[in-house]
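Colleague: I am new to this structure and would like a close look at a single part of it, with enough of the surroundings to see how that part fits in. Please take it slowly.

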Amino acid sequence: AVSFARFLSYLYLCSQMKRQLLLYFILVMVAVLPVAAQSLSVGDTIAIISPSSATDTATVNGGMRTLQSWGFPCVVAPHALDNYRGFAGTADERLSDLLWALRAPHIRAIMCSRGGDGAVQLLCQLPPDTLRRYSKPIIGFSDVTAILSAQASVGAQGIHGSMCHAIATYQGTDTVSQALRHMMMGDMPVYHLPPYALNQHGRAA
C-alpha cells in the first residue's frame with residue numbers, strides 16, 4: 001500500500017507527457033498479463049461442444065457420464081451433435097456454440113467432444129479478445145489445439161487433454177483421465193526428469 005501511494009505521488013508530480021506514457025505502459029502491461037483460468041470445484045457445470053468434426057451421441061453421452069461421476073454436471077451445446085458435410089454444424093453454428101459456452105455465467109469449463117477438422121474456421125470469425133474476456137478452461141487436443149493456441153496468444157489458459165471418447169473408454173479410471181481430472185481442479189503436475197547420459201552441452205546455431 002505504501003509503495004502504491006508513493007507511485008501515485010510520483011505520477012502526480014510528473015509532467016503530463018510522462019503521466020501519459022506511464023499510464024499507457026500500465027495499460028499495455030495489464031493487457032498482456034496472463035489470465036489464469038479458474039480451477040473447478042465439484043458441482044461446477046461443464047459444457048460439451050463440437051468445434052470440429054461431427055461426433056455421435058454415444059461419444060458425448062460417454063464423456064458426460066465420466067464427468068458427472070467426477071461431480072461435474074454437464075450441458076450439451078445446441079449444435080454439438082449436428083452433422084454438416086462432416087463437420088459438427090456450419091462454421092457459424094459451431095462458433096455460436098463456443099460463444100454460448102464462453103459467455104454463459106453458469107458454465108465454468110468447456111470440453112470438446114472430439115477433434116478432427118474445422119476449428120480454424122471458428123478462429124477466422126472469433127475476436128481474439130473474446131477468449132481473454134471470458135477466460136475458461138477449454139479442454140481438448142488434436143484439431144482443438146488451434147483454439148488452445150489462440151487462448152495462449154491472449155494470455156488465457158486451456159488444457160491440452162483428453163476429450164469425450166478418451167475419458168469414456170475407461171470410465172475415467174485410467175492414468176491419463178485421472179491426470180486430467182486433477183488438472184481441471186487446479187492440481188497441476190510437476191515433472192522431474194533426470195538428464196540423459198549422452199546429452200551434450202552446447203549452443204544452438
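Which residue just after α3 takes a positive phi?

Modeller: The residue is glycine 71, which follows just after α3 and has a positive phi of about 100°. Since this is a predicted model, everything that follows describes the prediction, and I will begin with the helix itself before moving outwards to what surrounds it.

Helix α3 covers residues 57-69. Its 13 residues should span 18 Å at 1.5 Å a residue, and because its end C-alpha atoms are 18 Å apart, the helix agrees with that expectation. At the start of α3, a side-chain oxygen of aspartate 56 comes to within 3.1 Å of the backbone nitrogen of alanine 58, while glycine 71, with its positive phi, comes just after the helix.

The buried residues of α3 are Thr59, Val60, Gly62, Gly63, Met64, Thr66 and Leu67. In general, an α-helix has 3.6 residues a turn, so residues three or four places apart point the same way. The elements against which the buried residues of α3 pack are the strands β1, β2 and β3, together with the helices α8 and α9.

Threonine 59 gives a more detailed view of this packing. It belongs to α3 and counts as buried because its relative accessibility is 13%, where the limit for that word is under 20%. Setting aside neighbours within four places in sequence, threonine 59 is in contact with Ser113, Cys164 and His165.

Cysteine 164, one of those contacts of threonine 59, leads to the matter of disulfides, of which a search of the whole structure finds 0. The closest cysteine sulfur to that of cysteine 74 belongs to cysteine 164, and at 7.9 Å it is too far for a bond. Seen from the other side, cysteine 164 is likewise in no disulfide, its nearest cysteine sulfur being that of cysteine 74. Cysteine 74 is buried, with a relative accessible area of 14%, and cysteine 164 counts as buried too, at 0% relative accessibility.

The strands that help to cover α3 belong to a sheet, and it is worth placing them there. An open sheet is formed by 5 strands in the order β2-β1-β3-β4-β5, with parallel pairing. Because β2 and β5 (159-160) stand at the edges with a single partner strand each, one side of each is left without a neighbour in the sheet. Further along the order, β3 and β4 run parallel and are joined by 2 bridges, and isoleucine 110 has isoleucine 138 in β4 as its bridge partner. Helix α7 (residues 145-153) lies across β4 and β5, and runs at about 145° to β4.

From the edge strand β2 (74-76), a loop leads to α4 (91-103), and asparagine 83 lies in this loop. Asparagine 83 counts as exposed, with 57% relative accessibility, yet it touches Ala54 and Gly89 when residues up to four places away in sequence are not counted. Its C-alpha atom is separated by 8.1 Å from that of serine 53, which is 30 residues apart from asparagine 83 along the chain. A polar atom of the side chain of asparagine 83 also lies 3.2 Å from the backbone nitrogen of glycine 86. Arginine 85 is in the loop between β2 and α4 as well; it is exposed, with a relative accessible area of 72%, and has a positive phi, near 55°, in a residue other than glycine.

The helix that this loop reaches, α4, has 13 residues and extends 18 Å from its first C-alpha to its last, close to the 18 Å expected at 1.5 Å a residue. Its buried residues are Ala91, Arg94, Leu95, Asp97, Leu98, Leu99, Ala101 and Leu102, and their cover includes β1 (45-49), β3 (107-112), α5 (119-123), α6 (128-133) and β4 (138-140). The strands β1 and β3 thus appear in the surroundings of the buried residues of α3 and also among the cover of those of α4.

Finally, the loop between α8 (164-169) and α9 (175-184), the two helices that pack against α3, holds glutamine 171. Glutamine 171 is not a glycine but has a positive phi of about 55°, and it counts as exposed, at 55% relative accessibility.

Note on methods: Residues numbered from 1 in each chain as written. Predicted model: local features only at pLDDT ≥ 70, side-chain atom pairs only at ≥ 80, totals over all residues. Heavy atoms only, no water. Helix = DSSP H or I, 4+ residues; strand = E, 2+ residues; numbered from the N terminus. Buried < 20%, exposed > 50% of the residue type's maximum accessible area, 1.4 Å probe, protein only. Contact = heavy atoms within 4.5 Å. Polar contact = N/O pair within 3.5 Å; in protein donor to acceptor, adjacent residues only side chain to side chain. Expected span 1.5 Å × (residues − 1). Pairing = 2+ DSSP bridges. Axes fitted to C-alpha atoms, helices over the stretch in contact; angles between N-to-C directions. Disulfide = S-S within 2.5 Å.
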